[in-house]
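Thanks for sharing this one. Here are some notes to read alongside the coordinates, set out as numbered points.

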Amino acid sequence: MNLRLQLDTTGIDWNVVVYILQNAGMAYRTPDMHARAFNRSHTVVFVFDDENLVGLGRALSDGEYQAAIYDVAVLPAYQGKGIGKRIIQTIITQIPHCNFILYASPGKEKFYEKENFKRMKTGMALFVNGEAMKTKGFTE
Ligand SMILES: CC(C)(COP(=O)(O)OP(=O)(O)OC[C@H]1O[C@@H](n2cnc3c(N)ncnc32)[C@H](O)[C@@H]1OP(=O)(O)O)[C@@H](O)C(=O)NCCC(=O)NCCS
C-alpha cells in the first residue's frame, strides 16, 4: 500500500465516493449531493492508495467548539488496516478543541470506543426517514 491523505475536495471523483459508501454498506446519495455535502463540510479526509480513493470521512463544524462526524467509510478490501483510525484521528487533529458527536452504524461502536468516544445517554435524533432508521437499529 502507498497511502496518501488529502484534506480537501480537489479532483475527487464523486462516483467513487458513492461506490465506497455503497460497498461499505452505508447510506449513499447521488454524486452531486455528496459533492455539495463534502464541499460544505468544515473538514474532509480522503485516503488514496496510489491514485485510488479507498476511504473517506468528514465533519460538520463551527470550527470553534462543536463538530459532528459523518460518512466515515473504508473500501472493504482496505478495512482492518488502520485506515479508519487514521481518518478519525485526522479529522480530530484538524479541529482538536471541538466536542465531537456522531452516530455509529449499529455494531461499529467499538471502533469509536477505541478512539475514546463514549456512548451518549441523551442523544436525540430527528431523522428524515425515522421508521427506516428505527428498523436499521439507530433509534429505539
Ligand atoms: C468502521 C470502519 C470505518 C473502520 O475502518 P477500518 O479501517 O476497517 O478500521 P481500522 O483498521 O482503522 O481499525 C481501528 C481499530 O478499530 C477496530 N475495529 C474496526 N472495526 C471494528 C468493528 N466493527 N468492531 C470492533 N472493532 C473494530 C480494529 O480492530 C482496530 O483495533 P486496534 O487498533 O486495536 O487494532 C470500516 O470498517 C468501514 O468502513 N465499515 C463500513 C462502514 C461503516 O460502518 N462506517 C462507520 C459508520 S458509523
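1. Let me begin with the charges over rings. Arg58 lies over the face of Phe38, with 5.2 Å to the ring centre. Arg4 does likewise with another ring: its charged end sits over Phe48, 4.4 Å from the centre. Please keep in mind that this is a predicted model.

2. Next, the aromatic pairs, of which the count is eight. One of them joins Tyr103 and Phe138: the ring centres are 5.5 Å apart and the planes stand at 85°, over the 60 degrees required, so the pair is edge-to-face. It links distant parts of the chain, since 35 residues separate the two partners. Tyr103 belongs to the loop between β5 (99-101) and α4, while Phe138 is in the segment after α5 (130-135).

3. Are the two partners buried or exposed? Neither label fits: Tyr103 has a relative accessible area of 41%, which makes it partly exposed, and Phe138, at 25%, counts as partly exposed as well. The cut-off for buried is under 20%, so Phe138 does not qualify.

4. A further aromatic pair is worth a look: Tyr112 with Phe117, also edge-to-face, at 5.7 Å between centres and 70° between planes. Here both residues are buried.

5. Which residues do ring pairs link into a cluster? They are Tyr70, Tyr103, Phe127 and Phe138. The edge-to-face pair of Tyr103 and Phe138 from point 2 is thus found again among these residues.

6. Now to the ligand, which is surrounded by 21 residues. The closest are Val74, Gly82, Gly84, Lys85 and Lys114. By class, this shell holds 10 nonpolar, six polar and five charged residues.

7. Where does the backbone meet the ligand's polar atoms? A ligand oxygen is 2.7 Å from a polar backbone atom of Gly82, and a ligand oxygen is 3.5 Å from a polar backbone atom of Ile83. On the nitrogen side, a ligand atom is 2.9 Å from a polar backbone atom of Val72. On its own the ligand has 900 Å² of accessible area, and the protein covers 75% of it.

8. Last, the elements behind that shell. Those giving two or more residues to it are β4 (66-74), α3 (83-94) and α4 (109-113).

Conventions
Residues are numbered from 1 along each chain as its sequence is written. This is a predicted model: local features need pLDDT of at least 70, side-chain atom pairs count only at pLDDT 80 or more; totals for chains, interfaces and linings use all residues. Side-chain values use heavy atoms; hydrogens and water are left out. A residue is near a molecule or strand if one of its heavy atoms lies within 4 Å of it. A polar contact is a pair of N or O atoms within 3.5 Å; within protein, one must be able to donate a hydrogen and the other to accept it, and residues adjacent in sequence count only if both atoms are side-chain atoms. Accessible areas come from the Shrake-Rupley method with a 1.4 Å probe; for residues, only the protein chains shown count as cover. Helices (H or I, at least four residues) and strands (E, at least two) are DSSP runs, numbered from the N terminus. Ala, Val, Leu, Ile, Met, Phe, Trp, Tyr, Cys and Pro count as nonpolar, Asp, Glu, Lys and Arg as charged, and the others, Gly among them, as polar. Rings of Phe, Tyr and Trp (its six-membered ring) pair if their centres lie within 6.5 Å; planes under 30 degrees apart count as stacked, over 60 as edge-to-face and the rest as tilted. Buried means under 20% relative accessible area, exposed over 50%, partly exposed in between (1.4 Å probe, protein chains only). A charge sits over a ring if NZ of Lys or CZ of Arg is within 6 Å of the ring centre and within 35 degrees of the ring normal.
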